[in-house]
Every structure is written in structure tokens, then in C-alpha cells.
Amino acid sequence: MTLYDAFVPSCLQILHAVLGLLDKAKDHADAQQLPIEQLIHTRLAPDMYDFAYQVKSCAVHSIGAIRGIQNGNFSPDMTPPPEGLDDLKAKIEGAIQALEALSAADLEALGEKPMTFTIGDKLLVNFVGKDFLLSFAQPNFYFHASMVYAILRMSGVGVGKRDYLGDLRKLP
């Protein structure tokens, strides 16, 4: 199994599922005659980031993580997340397109590349690319994707585990 196999296909699977969750959020808001902004700004707890941040972070910890390795540094994207549903969808669609444009060779070339994880000017951890992707970016990616799902469930949106899992890679 390559680094590409361990990271990219699963990110694509879940990013496509996040697009489906965004559609279900819109359908729910329309059916309940709620402003979509109500869902976009919902949090699970007062000290957690909102739905929009969780969606944005799915892109940050997928293609953003790979770009961080390419640049030699990853620092969390603390810019405000997109405000509207269409902009959130565009963020996820952009991540999907960028991941689909990668070849296995592109990612394999980054496996042993040294890089740093920083927050602002503060160095936190030194990594090589494969360890950063598999021990930091991937767990964060799944965390934020599951928060997208959890916020929708808590908000009464009719989603289930299959909506989170998306299209499984199975035999025909």
C-alpha cells in the first residue's frame, strides 16, 4: 500500500460525502423554513468551532495538508470560513479537484520530505511528510468530517451513518 492509497482515496470518499451532507443541510433548512445560516453557524459546544469551520477544515486537512508538505510547513488556516452554503460547497469541490489531479508519484515523492507544523511563529513539531499525513492530518480530517455530520444530526437533519460514509470502494 502506498501513501497515496492510504490517504487520497479515503479523503475523496469522505469529501464527496460532505458534499452530500451539505445538500441535506440545505434540504432540511428549506423544508423547515430556516435560514441556512442557522445551520452554518451551529456549534456542538460553546468552545467548539461552528459547522462552517468544520467543513472548511475538511479541505484544510486533505489537500491543504499535502500543500503544507510541498511547502515544507503546515500551519492551521485560521481565516474565516466561507459564509454561504455555495461557498462551502465550492471549498470542498476545490479540494476534490485538487486531490483528483494528484498522481500517486506526486504523493510518494513527499513521503520522506521534512516539514514543520507551526501555529503562527511557534514551531510545534517536525515531521516527514508521511508521518504528518497519517498521524496528524488524517485524524484531523476525520475529526472535522465527523463534526460536520454530528452538527447536522444534533440539528435534526435526517442523516445517518451511510451519509457520512459516502460511496464505499467495493467490488461491482
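This short presentation walks through the sheet, two of the helices, one loop residue and the cysteines of the structure shown above.

Good morning, colleagues. What we have is a predicted model, in which local features need pLDDT of at least 70 and side-chain atom pairs count only at pLDDT 80 or more, whereas totals for chains, interfaces and linings use all residues. Residues are numbered from 1 along each chain as its sequence is written, and side-chain values use heavy atoms, with hydrogens and water left out.

I begin with the sheet. Helices (H or I, at least four residues) and strands (E, at least two) are DSSP runs, numbered from the N terminus. Two strands are called paired if DSSP finds at least two bridges between them. Here three strands make an open sheet, ordered β1-β2-β3, with mixed pairing. At its edges are β1 (73-74) and β3 (122-128), each of which pairs on one side only.

How does the pairing come to be mixed? Strand β2, residues 114-119, runs parallel to β1, and two bridges join them. Between β2 and β3, by contrast, the pairing is antiparallel and extends over six bridges. On the parallel side, N73 stands opposite T116 of β2. On the antiparallel side, T118 faces L123 in β3, and I119 has K122 of β3 as its bridge partner. The hairpin of β2 and β3 has two residues between the strands, and G120 there takes a positive phi near 60°.

One residue of β3 deserves attention, namely F127. Is F127 buried or exposed? I use buried for under 20% relative accessible area, exposed for over 50%, and partly exposed for values in between, with a 1.4 Å probe and protein chains only. F127 counts as buried because its relative accessibility is 15%. Contact, in what follows, means heavy atoms within 4.5 Å. Leaving aside neighbours within four places in sequence, F127 is in contact with K113, P114, M115, F117, F132, S135 and F136. The C-alpha atoms of F127 and G72 are separated by 9.6 Å, although the two residues are 55 apart along the chain.

Next comes the helix that covers the sheet. Helix α7, residues 129-154, lies across β1, β2 and β3, and runs at about 110° to β3. For that angle, axes are lines fitted to C-alpha atoms, for helices over the stretch in contact, and angles run from 0 to 180 degrees between N-to-C directions. Within α7 we find Q138, which counts as buried because its relative accessibility is 15%. What does the side chain of Q138 reach? It reaches the backbone oxygen of A6, at 2.8 Å. Not counting residues up to four places away in sequence, Q138 touches A6, F7 and L133.

I turn now to helix α5, residues 85-101. The expected span of a helix is 1.5 Å times one less than its number of residues. For the 17 residues of α5 this gives 24 Å, and the end C-alpha atoms are 24 Å apart, so the two values agree. Its buried residues are L85, L88, K89, I92, A95, I96, A98 and L99. These pack against α1 (3-32), α2 (36-40), α3 (51-60) and α4 (63-71).

Between α1 and α2 there is a loop that contains Q33. Q33 is not a glycine, yet it has a positive phi of about 55°. Its relative accessibility is 74%, and therefore Q33 counts as exposed.

Finally, the cysteines. How many disulfides does a search of the whole structure find? It finds zero, where a disulfide is a pair of cysteine sulfur atoms within 2.5 Å. C11 is in no disulfide, and the nearest cysteine sulfur, that of C58, is 9.2 Å away. C58 is likewise in no disulfide. C11 counts as buried because its relative accessibility is 1%, and C58 counts as buried because its value is 0%.

Thank you for your attention.

Methods
A polar contact is a pair of N or O atoms within 3.5 Å; within protein, one must be able to donate a hydrogen and the other to accept it, and residues adjacent in sequence count only if both atoms are side-chain atoms.
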